[in-house]
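Trainee: I've got a new model open on my screen and I'd like to learn how to read it. Could you walk me through it?

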Amino acid sequence: DPKDFFELYSIPAGILLAGLAASAVLGLGDLSNVSGSVAIASSICCIAAIAGLANQETARTGNVLGMAGVAFGLAATTADMAGVGASASAFQQVGLLGGIGSGIGAVLASGVGPTELPQTVAAFHSLVGIAAMAGAAGEYFGNVGTLDLGTLTAVYLAIFIGGITATGSMVAYGKLAGMLSSKALSLPGRDALNLSMISICALGMASFLNPSLGGEILSVDPETLRLGSLATAAGVSSILGLHLTASIGGADMPVVITVLNSYSGWALCAEGFMLGDPLLAQVGALIGFSGAILTWIMCEAMGRNIVSVILGGAGTTQVVSSDSKTEYEGEITIATVDNVVETLLEAKNIMIVPGYGLAVAQAQFAVADIAKRLKAMGKNVRFGIHPVAGRMPGQLNVLLAEASVPYDIVFEMEEVNEDFENVDVTLVIGASDTVSSAAEDDPNCSIYGMPVLRVWKSGQVFVLKRTIGNTGYTGMENPILYKDNAEVLLGDAHDSCEAIRTAINMN
């Protein structure tokens, strides 16, 4: 990629922050007005960051704008603290806690590899939920008896949404990290349990906002009733978040991540209303809406009902699986590196379909070289990416971009799925569920109805797998392995791709 000169973005950013500092230190202009302008710049940068991250070619610009937006937000918040006469100890506490949090975040994030990114995002979402609950509790206990109806509503919603986000994200983390079973929890009366917990929280909100509704029945003073309602909401919403996420199977975890991302945004939005902070409310609404839109897009791509996913699989029945394996007709054919290379050199149309195994093996650089060499030979080489490949939206796109794979040969599933009949050879590297024909042929499988890449319709399919019997995230064996036009190349994906690259370079 050509040099982007992102360092030049620091010039306008520095001018804006210098103006804010001059207003605060030298008294130039009205500090509240200058701080408000910086907050608006923060909102604009955050919105532009989302737009930039929507496209691979502008993703780096989106990252820079996002960092600028956060920096502006922190600066505006600091200026607002000075404007209301915050004490020196308050600044010291904020600086200390912010520094500790930044240090811990930097250490944790620097040790996260591409394969751990999904569960890391889930873990960070849980922290947002906990922060929302803590902030709401602090606002309430610090102003008992003096809060207006709007602020009380925001406090309760922050507790409710924060509880669901915190525990739901913890369960998602456990499933993605392999600490918990990826199977969906199916308790008797699952939907009734969820509805009961939501009803309890709704009644709690009514009594929290208007204690007279329950004060006469329970014979307690209003503040005691409010405290009990708030504690009940915290406990029940936490259990609800745990149950909602546990009731969704591992195949749908990418969608759950986007749902929790949306929840974390709405929790921030409630915090913004509660604290009277427009910037926090704006950024929270941006995260909430963008997460909701992404959830809808993901559900469409996976053939899932968005309402069912949000409500923990409501209205669906769990597929009952037996202990015995499904028997498929045919035999698995084992390929060799020489066979794969010979077929690739004879082919004209080649499709490469990466999956989570590519991320685990860190084989993206070898695959990028393979594609580059084949294109230099005049072959039509493309990459087909499933929307949920890699357990997180965009994870495979990031890996390929890291290996400098040209953006114009990377296609989404719907762009190439009808073209597989014209493909001579398909290389499936570390993908299983996203290329499984069972999603279209087997009504009893857990991913039935999910759109998949129809790789089996190409002339020849080579599936790179570590071992035979190694299943996908849903625990199912892929029936395409038994098809006549499919062969399996066994071994670590990184080693196999390196061997293929070496053999192609020798020709």
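Mentor: Start with the contacts. This is a predicted model, and among contacts between residues at least 6 apart in sequence, 77% join residues at least 24 apart.

Trainee: How many helices and strands does the protein chain have?

Mentor: The chain holds 19 helices and six strands. Its C-alpha trace spans about 75 × 60 × 35 Å along the principal axes, and 46% of the 507 residues count as buried.

Trainee: Let's try a pair of helices. At what angle do the axes of α1 and α3 cross?

Mentor: The general idea first: two packed helices are described by the angle between their axes and the distance between the axes. Here, the axes of α1 (residues 10-26) and α3 (residues 59-83) cross at roughly 5° and come within 11 Å. Angles under 35 degrees count as roughly parallel, and α1 and α3 are therefore roughly parallel to each other.

Trainee: Which residues of α1 and α3 meet?

Mentor: From α1 you have Ala-13, Leu-16, Leu-17 and Leu-20, and they meet Phe-72, Ala-75, Ala-76 and Ala-79 of α3. By class, that contact has eight nonpolar residues, with no polar and no charged ones.

Trainee: Now a single helix. Which residues of α7 are buried?

Mentor: A bit of background: an α-helix has 3.6 residues a turn, so residues three or four places apart point the same way. Now look at α7, where Arg-190, Asn-194, Met-197, Cys-201, Gly-204, Ser-207 and Phe-208 are buried. Seen down the axis of α7, these buried residues fall within an arc of 155°, so they line one face of the helix. On the face turned away from the buried side, α7 carries the exposed residues Leu-195 and Leu-203.

Trainee: What covers the buried residues of α7?

Mentor: The cover includes α5 (117-142), α6 (149-176) and α9 (222-246).

Trainee: And how far does α7 reach from its first C-alpha to its last?

Mentor: With 20 residues (190-209), α7 reaches 29 Å, close to the 28 Å expected at 1.5 Å a residue.

Trainee: Since α5 came up, let me pick a residue there. Where is Ala-131, and how far is its C-alpha atom from that of Ala-166?

Mentor: Ala-131 sits in helix α5. Its C-alpha atom and that of Ala-166 are separated by 9.1 Å, and the two residues are 35 apart along the chain. With a relative accessible area of 46%, Ala-131 is partly exposed.

Trainee: Let me practise on α13. Which of its residues are buried?

Mentor: Val-340, Val-341, Thr-343 and Leu-344 are the buried residues of α13. Down the axis of α13 they fall within an arc of 165°, so they line one face of the helix. The face turned away from that buried side carries the exposed residues Asp-338 and Glu-346. Strands and helices both help to cover the buried residues of α13, including β1 (349-354), β4 (425-429), α15 (364-376) and α19 (493-505).

Trainee: Leu-345 is in α13 too. Why does Leu-345 count as partly exposed?

Mentor: Buried means under 20% relative accessible area and exposed means over 50%. Leu-345 has 25% relative accessibility, so it counts as partly exposed.

Trainee: What does Leu-345 touch, leaving out residues up to four places away in sequence?

Mentor: Leu-345 touches Met-377, Lys-379 and Asn-507. Met-377 is 32 residues from Leu-345 along the chain, and their C-alpha atoms are separated by 8.6 Å.

Terms used: Residues numbered from 1 in each chain as written. Predicted model: local features only at pLDDT ≥ 70, side-chain atom pairs only at ≥ 80, totals over all residues. Heavy atoms only, no water. Helix = DSSP H or I, 4+ residues; strand = E, 2+ residues; numbered from the N terminus. Buried < 20%, exposed > 50% of the residue type's maximum accessible area, 1.4 Å probe, protein only. Contact = heavy atoms within 4.5 Å. Axes fitted to C-alpha atoms, helices over the stretch in contact; angles between N-to-C directions. Parallel < 35°, antiparallel > 145°, perpendicular 65-115°, else oblique. Nonpolar A, V, L, I, M, F, W, Y, C, P; charged D, E, K, R; others polar. Expected span 1.5 Å × (residues − 1). Arc of directions from axis to C-beta.
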